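Trainee: I'd like to learn how to read a fold from its coordinates. Can we walk through one together, feature by feature?

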Amino acid sequence: MAAAPNRPRPIVLVVYDDPLLRMIAVDIAEEAGFATIEADNADKAVAILEARFDIALALTDVNIPGSMDGLKLAHAVRRRWPPIRIIVVSGQMQLSPADLPSDSLFFGKPYHTPALISELRSFVGRQQNPTV
């Protein structure tokens, strides 16, 4: 996904405590054409969200340290920053749409990388260009 010449790349906040898995998620988001910001726990993710106004999407693992897990973080993001798109991932549990905040997605790990890239592009594309 090539960004428009005068438009900055959308930013994805990647929240994983495992450095290797976080690096893989960052690579996937960057391969999809996005800039990334990383957090290794929910508290750091919230601090980043409070300090920035340019986050388009949050990609979080469920099993993260901090004052809340990734699912609670996803619900907090929806309440406090409604325009931010959310993708929740987990290799330890299956979540149904009823478990997730509105307008978010769940991917079980190991996830299919092309499908995740497609959803990243789709989520952010709908936010920036309603005709997509």
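Trainee: Let me start with one residue: leaving aside its neighbours within four places in sequence, what is Thr 60 in contact with?

Mentor: Before I list them, keep in mind that this is a predicted model. Beyond its sequence neighbours, Thr 60 touches Val 15, Gly 70, Leu 73, Ile 87, Val 88 and Val 89. Thr 60 itself sits in strand S3.

Trainee: Is Thr 60 buried or exposed?

Mentor: Buried means under 20% relative accessible area, so Thr 60, at 2%, counts as buried. The strand around it follows suit: 7 of the 7 residues in S3 are buried.

Trainee: Which strands are joined to S3 by bridges?

Mentor: Start with the general idea: side chains in a regular strand alternate between the two faces of the sheet. Now the case here. S1 and S3 run parallel and are joined by 5 bridges, and S3 and S4 are also parallel, with 5 bridges. For a specific pair, take Val 15, whose bridge partner in S3 is Thr 60. Towards S4, Ala 58 stands opposite Ile 86.

Trainee: How should I read the nonpolar core, and which residues have the most contacts inside it?

Mentor: Look for buried nonpolar residues linked through their side chains. Here the largest core has 28 residues, and Leu 13, Ile 55, Leu 73 and Val 88 have the most contacts inside it. Strands S1 (11–15), S2 (35–39), S3 (55–61) and S4 (85–90) each give two or more residues to this core, as do helices H2 (42–51) and H3 (70–80). Apart from that core there is another, of 18 residues, including Leu 59, Val 89, Phe 107 and Leu 116.

Trainee: What does Leu 13 touch beyond four places in sequence?

Mentor: Its contacts include Ile 37, Ala 45, Ile 48, Ile 55 and Leu 57. Glu 38 is also among them.

Trainee: Where is Ile 87, and how far is it from Leu 120?

Mentor: Ile 87 is in strand S4, and it is buried, with a relative accessible area of 0%. Compare sequence with space here: Ile 87 and Leu 120 are 33 residues apart in the chain, yet their C-alpha atoms are 8.3 Å apart.

Trainee: What about nonpolar residues on the surface: which ones form a patch?

Mentor: Leu 20, Leu 21, Met 23 and Ile 24 do, with about 350 Å² of accessible area together. Leu 21 belongs to helix H1 (residues 19–31) and is partly exposed, at 33% relative accessible area.

Trainee: And backbone oddities? What should I look for?

Mentor: Most residues other than glycine have a negative phi, and most peptide bonds are trans. With that in mind, check Asp 103: it has a positive phi of about 55° although it is not a glycine. Asp 103 lies in the loop between S4 and S5 and is partly exposed, at 44%. Then look at Lys 109 and Pro 110, which are joined by a cis peptide bond with omega about 0°. Pro 110 is in the loop between strand S5 (104–108) and helix H4 (113–128).

Trainee: One last case: which residues does Asp 99 contact beyond four places in sequence?

Mentor: Leu 71, His 75 and Gln 94. Asp 99 lies in the loop between S4 and S5, and with a relative accessible area of 32% it is partly exposed. Asp 99 and His 75 are 24 residues apart in sequence, and 9.5 Å apart from C-alpha to C-alpha.

Key
Residues numbered from 1 in each chain as written. Predicted model: local features only at pLDDT ≥ 70, side-chain atom pairs only at ≥ 80, totals over all residues. Heavy atoms only, no water. Core = buried A, V, L, I, M, F, W, Y, C linked by side-chain atoms within 4.5 Å. Buried < 20%, exposed > 50% of the residue type's maximum accessible area, 1.4 Å probe, protein only. Helix = DSSP H or I, 4+ residues; strand = E, 2+ residues; numbered from the N terminus. Contact = heavy atoms within 4.5 Å. Patch = residues over 30% accessible without salt bridge, like charges linked within 9 Å, V, L, I, M, F, W, Y side chains within 5 Å. Areas by Shrake-Rupley, 256 points an atom, 1.4 Å probe, with all protein chains shown as cover. Salt bridge = Lys/Arg side-chain N within 4 Å of Asp/Glu carboxyl O. Pairing = 2+ DSSP bridges.
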